[in-house]
Amino acid sequence: MAASSIQPVGIIGGTGLTTLAGLRIEGESAVTTEWGEPSAPLVRGTLDRQPVIFLARHGNPHRIPPHQVNYRANLMALYQAGVRTVVGVNAVGGIHPDMGPAHVVIPDQIIDYTWGRACTFFEGELDSVTHIDFTYPYDREARELLIEAARAESIGFSGFGVYGATQGPRLETAAEIRRMERDGCDLVGMTGMPEAVLAAELGMRYACLGLVVNWAAGKTDHIITMDEIEAAIEQGMSGVKRVLARSVAS
Ligand code: HPA
């Protein structure tokens, strides 16, 4: 997936992916940026000879909630480390009928319902006002590599989907999910934005590898429990890791 053979691929691991098994670790560096500190030290290594830089989005151990992640520092730290292609791994709730627990999704669109997050690098003293194009929020080539890898690994996946990014940290109400469904959302998660737009502002290729960990609120006759989420992570994360390894190596 590297744009060139020496550029490292960045992997931002979410819930259930605070470390990356299979990564041959070469070092760890605590870095800082003009936007503050990223969630965790950058872990440098190789995945099947491809240089990779891994960053735990919620810290390691997992302690930073979605609305308090310093997304700007995370993306800038990866950028400064030479990363130009990023895969964000996200745990999500499933809205689309095919997207149940343990299903993997490589979405192609986003609707942003978050608020109050630092969502741009363009602020402060600017020379000009910049409006980046965000028509297609995910990089097509990076998505295709993930899709090919998911197909080759024979895991249950969908190579499309609209990711609805909610504020959290609470889960949604059933009515909110019905509204999101009417809006066209197939998945719901709390961390897809502003991560995707910040990558775009830096000119980085960005794709999302989503693991469905629960049916979204109101999609079953029971409430959402951490036990079911943990069971789906347990069931699905090995497939996510295989897709990552295969796509990064290609
Ligand atoms: N809603 C929002 N974020 C999530 C969910 C959900 O149901 N599951 C995992 N992340």
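This section describes the overall fold of a predicted model, its ligand shell, its annotated positions and its unusual backbone features.

The chain contains five helices and eleven strands. Its radius of gyration is 17 Å, close to the 18 Å that the globule rule gives for 250 residues, and the chain is therefore as compact as a globular protein of that length. Along its principal axes, the C-alpha trace spans about 50 × 45 × 30 Å. Buried positions make up 45% of the 250 residues. Among contacts with a separation of 6 or more, 81% join residues that are 24 or more positions apart.

Helix 1, which covers residues 71-80, is largely enclosed by the rest of the structure, because nine of its ten residues are buried. The buried residues in helix 1 are Y71, R72, A73, N74, L75, M76, A77, L78 and Y79. The elements that cover them include four strands and one helix, namely strand 1 (9-13), strand 3 (42-47), strand 4 (50-56), strand 5 and helix 4 (195-201). After helix 1 comes G82, which has a positive phi near 100°.

The ligand is surrounded by A91, V92, G93, T166, L171, E172, V188, G189, M190, V213, N214 and A216. Two or more residues of this shell come from each of strand 5 (85-94), strand 10 (187-189) and strand 11 (205-215). Strand 5 makes the greatest contribution, with three residues. By character, the shell consists of seven nonpolar residues, four polar residues and one charged residue.

Some residues of the shell also carry an annotation. An unreviewed UniProt entry applies the term "binding site" to M190, N214, W215 and A216; of these, M190, N214 and A216 are listed among the residues around the ligand. M190 is placed in the loop between strand 10 and helix 4. With 26 other C-beta atoms within 10 Å, M190 is buried. Apart from neighbours within four places in sequence, M190 is in contact with P66, A165, T166, Q167, G168 and P169; T166 is itself a member of the ligand shell. N214, by contrast, belongs to strand 11. N214 is also buried, having 23 other C-beta atoms within 10 Å. When residues up to four places away in sequence are not counted, N214 touches G93, P101, I224, E228, I229 and A232. Of these partners, G93 also appears in the shell around the ligand.

The unreviewed UniProt entry also lists T15, R57, H58 and T191 under "binding site". These four residues span 177 residues in sequence, yet no two of their C-alpha atoms are more than 9.9 Å apart, so they gather at one spot. T15 is located in the loop between strand 1 and strand 2 (24-29), and T15 is buried, with 22 other C-beta atoms within 10 Å. Leaving out residues up to four places away in sequence, T15 touches H58, H62 and A91. H58 is thus a contact of T15 that carries the annotation as well, while A91 belongs to the ligand shell. T191 lies in the loop between strand 10 and helix 4. T191 is buried, with 28 other C-beta atoms within 10 Å. With the same exclusion of residues up to four places away, T191 touches G14, R57, P66, V69 and N90. One of these, R57, is another of the annotated positions.

Several backbone features were also identified. The peptide bond joining N60 and P61 is cis, with omega about 5°, and P61 lies in the loop between strand 4 and helix 1. A cis peptide bond also runs from M193 to P194, where omega is near 10°. P194 is situated in the loop between strand 10 and helix 4, the loop that also holds T191 and M190.

Positive phi values occur at two residues other than glycine, A102 and S154. At A102, phi is near 80°; this residue lies in the loop between strand 5 and strand 6 (104-105). A102 is partly exposed, with 19 other C-beta atoms within 10 Å. At S154, phi is near 50°, and the residue is placed in the loop between helix 2 (140-152) and strand 8 (157-158). S154 counts as exposed, because it has 9 C-beta neighbours inside 10 Å.

Terms used: Residues numbered from 1 in each chain as written. Predicted model: local features only at pLDDT ≥ 70, side-chain atom pairs only at ≥ 80, totals over all residues. Near = placed C-beta within 6 Å. Nonpolar A, V, L, I, M, F, W, Y, C, P; charged D, E, K, R; others polar. Rg over C-alpha atoms; globule rule 2.2 N^0.38 Å. Buried ≥ 20, exposed ≤ 12 C-beta atoms within 10 Å, placed from the backbone. Contact = placed C-beta atoms within 7 Å. UniProt positions renumbered as here; feature names shortened; annotations may be inferred.
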